[in-house]
Amino acid sequence: MAYIRKDVSTLTGAERRRFVNALLAIKKRGEYDEFVRMHIDHYVSDGDGGLRSAHMAPSFLPWHRRFLLDLEAALRRVDPAVTVPYWDWTRDRATTAAPWTKDLLGGNGRRSDHQVTTGPFAYATGNWTIKENVTDGEFLTRDLGRAGDPIDLPARSDVETALRDPVYDVSPWDSTVDRGFRNRLEGWGSGSGSAAWRNHNRVHRWVGGVMLGGASVNDPVFWLHHAFVDLLWTRWQSRHREHRYLPAEPPGPGSRQYRRVVARHEKLPPWNVTPDQLEDASRIYRYA
Amino acid sequence: MAVSVEGVPVSAVPAATARSAPARRTRRRDLLRGLLGASAALAIAPVVAASRPPGPADAGPAGSSFDETYRGRHIRGALTSSGPAAATGGEWKVTVDGRPLHLMRRADGTWLSMVDHYRSYATPLEAVRAAVDGLGPGERLREDGPAHHHTHMGGHHGLHP
């Protein structure tokens, strides 16, 4: 029986409390920090060598789908009623509404040092000291909307542009492609203006603080953001039923992408699972 | 040299691009010695600019090294031929206030850092300045280097050694 992932703005008080408590429980036992570490370790950029499984690659979507499932399994070992809610940033765009409330993720960082001082993940609670980080910062930071150089959340039309593209991804399967659903959603552009950074990438930048960097998983909003990105993948799939994950076959030895991307039936590191096996998760969870 | 970046005073040691090749090489060695210590510098052969593949990053004003104070932070960087990225045109060794900052390269030749990870910049210098912009007051990079242990080799990532 599939469980339901809900819109975070619709959670009851009890659902909010149980989700937060499950996060705090896995943080306390060190499990949460392993997720932070894993995300840092799997960020391989496409201008450097090596296999890209998590970013700048077709498997951006299945990698994060499995990553969410692992986190969700950890939460459900604490409390079997918990599922990861999603944050629809095309609708919930205020810095004071869900998910930025005191009973959920807490609010914006304070002006002086961007430290989050409200809600269950505030440093002063003693429950959310950051261990795995790019910097020596031990407290959660946010700079919602980036006060010093403001940007907006992605517009609904940005999401629509991605959803309309019938092709999952195109060669060379990296951050430079300007077609294909995957990179339109992941959001790598070119040029220097902030308009070049779309959808998924743009939300990371809008939240700011730790969400700006490689240790973005330290902000629990990471999961709510990626649950919505994952939901958008299911929407794309239902719009383009004849289209599948690409590439279907691995690039050959003559290709610059040889052994650098994960094809449909290849194992997706670090798991023993293929993108093909992750394309349909509807027997595990559904979105409300 | 004193320039202003978005109203923030910046004092910069000029990049070595205008110097002759031997002078540039010496300068880079000095910089590397400062960055990495003498023994590390000896092991690193300077990369001649012409040996690098052309790309937007190479056209940047930073040339092959920089050393400046930006928003009160001492940022230094130098291109080396060591490291896993050597095959793709050399690796930048960068520090902010003496602590290492890992730079990554995008396939379009632009750069991003571990601090500012969801967009890229035309030059390493721009990427490092953006990383400084992303640091809070008093916040420093980790002393032991960026929390980034992957091998660049693909497949093996040593998650739990």
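## Around Val128(B)

Leaving aside residues up to four places away in sequence, Val128(B) touches Ile75(B), Gly77(B), Val94(B), Val96(B), Leu101(B) and Ser113(B). Keep in mind that this is a predicted model.

Val128(B) belongs to helix H3 of chain B, residues 124–134, and that helix is mostly covered, with eight of its eleven residues buried. Besides Val128(B), the buried set takes in Pro124(B), Leu125(B), Ala127(B), Arg129(B), Ala131(B), Val132(B) and Gly134(B).

## The big core

Val128(B) also turns up in the largest nonpolar core, which has 96 residues. Leu224(A), Phe228(A), Leu101(B), Val128(B) and Ala131(B) are the ones with the most contacts inside this core. The biggest contributor is helix H7 of chain A, residues 221–239, which gives ten residues. As a general backdrop, nonpolar side chains tend to be buried together in soluble globular proteins.

## H3(A) meets H7(A)

So what does H7(A) pack against? One partner is helix H3 of chain A, residues 60–78: the two axes come within 10 Å and cross at roughly 130 degrees. An angle over 115 but not over 145 degrees counts as oblique, so H3(A) is oblique to H7(A). The crossing is left-handed.

On the H3(A) side, the contact is made by Leu61(A), His64(A), Arg65(A), Leu68(A) and Leu71(A). H7(A) answers with Trp223(A), His226(A), Ala227(A), Val229(A), Asp230(A) and Trp233(A). Sorted by class, that comes to seven nonpolar, two polar and two charged residues.

Conventions. Residues numbered from 1 in each chain as written. Chains lettered and ligands numbered in written order. Predicted model: local features only at pLDDT ≥ 70, side-chain atom pairs only at ≥ 80, totals over all residues. Core = buried A, V, L, I, M, F, W, Y, C linked by C-beta atoms within 7 Å. Buried ≥ 20, exposed ≤ 12 C-beta atoms within 10 Å, placed from the backbone. Helix = DSSP H or I, 4+ residues; strand = E, 2+ residues; numbered from the N terminus. Contact = placed C-beta atoms within 7 Å. Axes fitted to C-alpha atoms, helices over the stretch in contact; angles between N-to-C directions. Parallel < 35°, antiparallel > 145°, perpendicular 65-115°, else oblique. Left-handed = near helix turned anticlockwise from the far one by under 90°. Nonpolar A, V, L, I, M, F, W, Y, C, P; charged D, E, K, R; others polar.
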